[in-house]
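I opened this model to note down how the chain is put together, and I went through it one topic at a time. The entries below follow the order in which I looked things up.

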Amino acid sequence: MTIQIAAWDRPLARTGPFSCGEPALDRWWREQAGQAERRGSVRIRLAVIDGRVAGFCAVTVGAHDPGALGGRWRKRPAPVPVVIIARLAVASPRQGSGVGTALLLDTFRRLDVVAGDLGFEATTVTAKDPGLVPYYSRFGFQPSHEHDPLLYLRVKDLPGAGRDRWQRA
Ligand SMILES: CC(C)(COP(=O)(O)OP(=O)(O)OC[C@H]1O[C@@H](n2cnc3c(N)ncnc32)[C@H](O)[C@@H]1OP(=O)(O)O)[C@@H](O)C(=O)NCCC(=O)NCCS
């Protein structure tokens with residue numbers, strides 16, 4: 001099974017139904033993803049298997065209050081600029097076969113590339129339920145506060161980061 005990662009493609013995205021089993025995510029995919037991508041408020045990458053969308057990852061930019069991020073960020077005088085993993089979903093029949101991992105690793109690679117040109121310090125995700133915290137932890141995401149669904153991964157800790165390319169002396 002080959003998983004290809006591709007940029008948003010409306011005809012491809014509309015080839016057949018998609019369900020990850022989470023009604024809110026499925027609804028967002030059906031009703032808002034296309035518009036959000038067209039407006040440029042998110043960028044969506046698609047995981048494609050056999051010509052069908054097997055998953056997607058939507059990212060956007062934002063900032064978190066230092067208090068919300070907690071820990072090392074607590075004393076920052078201003079909101080911390082981040083790239084937010086806004087939506088991550090894998091079609092139910094494809095779950096557990098590496099599609100989510102492929103989408104996240106693609107996202108990390110792309111963030112690593114733009115980190116040389118855009119200032120942001122971390123990527124964040126809000127785990128939809130506590131059971132997902134271990135999933136994101138596998139990639140190095142850390143909880144902002146104990147039992148808090150907001151997780152962060154510093155740019156310098158992105159898996160596979162080629163930080164020598166962009167880190168300032
Ligand atoms: C959560 C989700 C994105 C994971 O994607 P996936 O393609 O199913 O996951 P992967 O195949 O990449 O999983 C990689 C590993 O994480 C593990 N894993 C998957 N879901 C997990 C979870 N909820 N908690 C802990 N580990 C998990 C897998 O068992 C696998 O382990 P292995 O490598 O030892 O076999 C996907 O299951 C999904 O879309 N779920 C419904 C929607 C959702 O919850 N989205 C996230 C919103 S925050």
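**Entry 1: the sheet**

I began with the strands of this predicted model, and I found an open sheet of seven strands in the order β1-β2-β3-β4-β5-β7-β6, with mixed pairing. I then checked the edges, where β1 (4–7) and β6 (142–143) stand; each has a single partner strand, so one side of each is left without a neighbour in the sheet.

Next I followed the pairing from the β1 edge inwards. β1 and β2 run antiparallel and are joined by four bridges; I looked up two residues of this pairing and found that I5 has A47 of β2 as its bridge partner, while A7 has R45 of β2 as its partner. β2 and β3 also run antiparallel, and here I noted seven bridges, with I49 standing opposite R52 in β3. The two strands β2 and β3 form a hairpin with two residues between them, and in that turn I noted D50, which has a positive phi of about 50 degrees.

**Entry 2: the whole chain**

I then stepped back to the chain, which has six helices and seven strands. Reading from the N terminus on, I wrote the elements down as β-α-α-α-β-β-α-β-α-β-α-β-β. The radius of gyration is 16 Å, close to the 15 Å that the globule rule gives for 169 residues, so I recorded the chain as being as compact as a globular protein of that length. Along its principal axes, the C-alpha trace spans about 50 × 35 × 30 Å.

I also looked up burial and contacts: 29% of the 169 residues count as buried, and among contacts between residues at least 6 apart in sequence, 65% join residues at least 24 apart.

**Entry 3: the core**

Which residues have the most contacts inside the largest nonpolar core? I found that this core has 41 residues, and that the ones with the most contacts inside it are A47, F56, C57, A58 and V59. Two or more residues each come from α2 (23–31), β2 (43–49), β3 (52–64), β4 (80–90), α5 (99–114), β5 (122–126) and β7 (150–154), and β4 gives the most, with eight residues.

I followed A58 further, leaving aside its neighbours within four places in sequence, and I found it in contact with A33, V42, I44, A86 and R87. A47 I had already met in the sheet, as the bridge partner of I5.

**Entry 4: around the ligand**

I then turned to the ligand, which is surrounded by 21 residues, the closest being V90, Q95, G100, T101 and K128. The elements that give two or more residues to this shell are β4, α5 and α6. Sorting the shell residues by kind, I counted ten nonpolar, eight polar and three charged.

**Entry 5: S137**

Last, I looked up a single residue, S137, which I placed in helix α6 (residues 133–137). Is S137 buried, exposed or partly exposed? It has 14 C-beta neighbours inside 10 Å, and therefore I entered S137 as partly exposed, since a residue is buried only with 20 or more and exposed with 12 or fewer. I also noted that the C-alpha atoms of S137 and L151 are separated by 8.5 Å, the two residues being 14 residues apart along the chain.

Key: Residues numbered from 1 in each chain as written. Predicted model: local features only at pLDDT ≥ 70, side-chain atom pairs only at ≥ 80, totals over all residues. Core = buried A, V, L, I, M, F, W, Y, C linked by C-beta atoms within 7 Å. Contact = placed C-beta atoms within 7 Å. Near = placed C-beta within 6 Å. Nonpolar A, V, L, I, M, F, W, Y, C, P; charged D, E, K, R; others polar. Rg over C-alpha atoms; globule rule 2.2 N^0.38 Å. Pairing = 2+ DSSP bridges.
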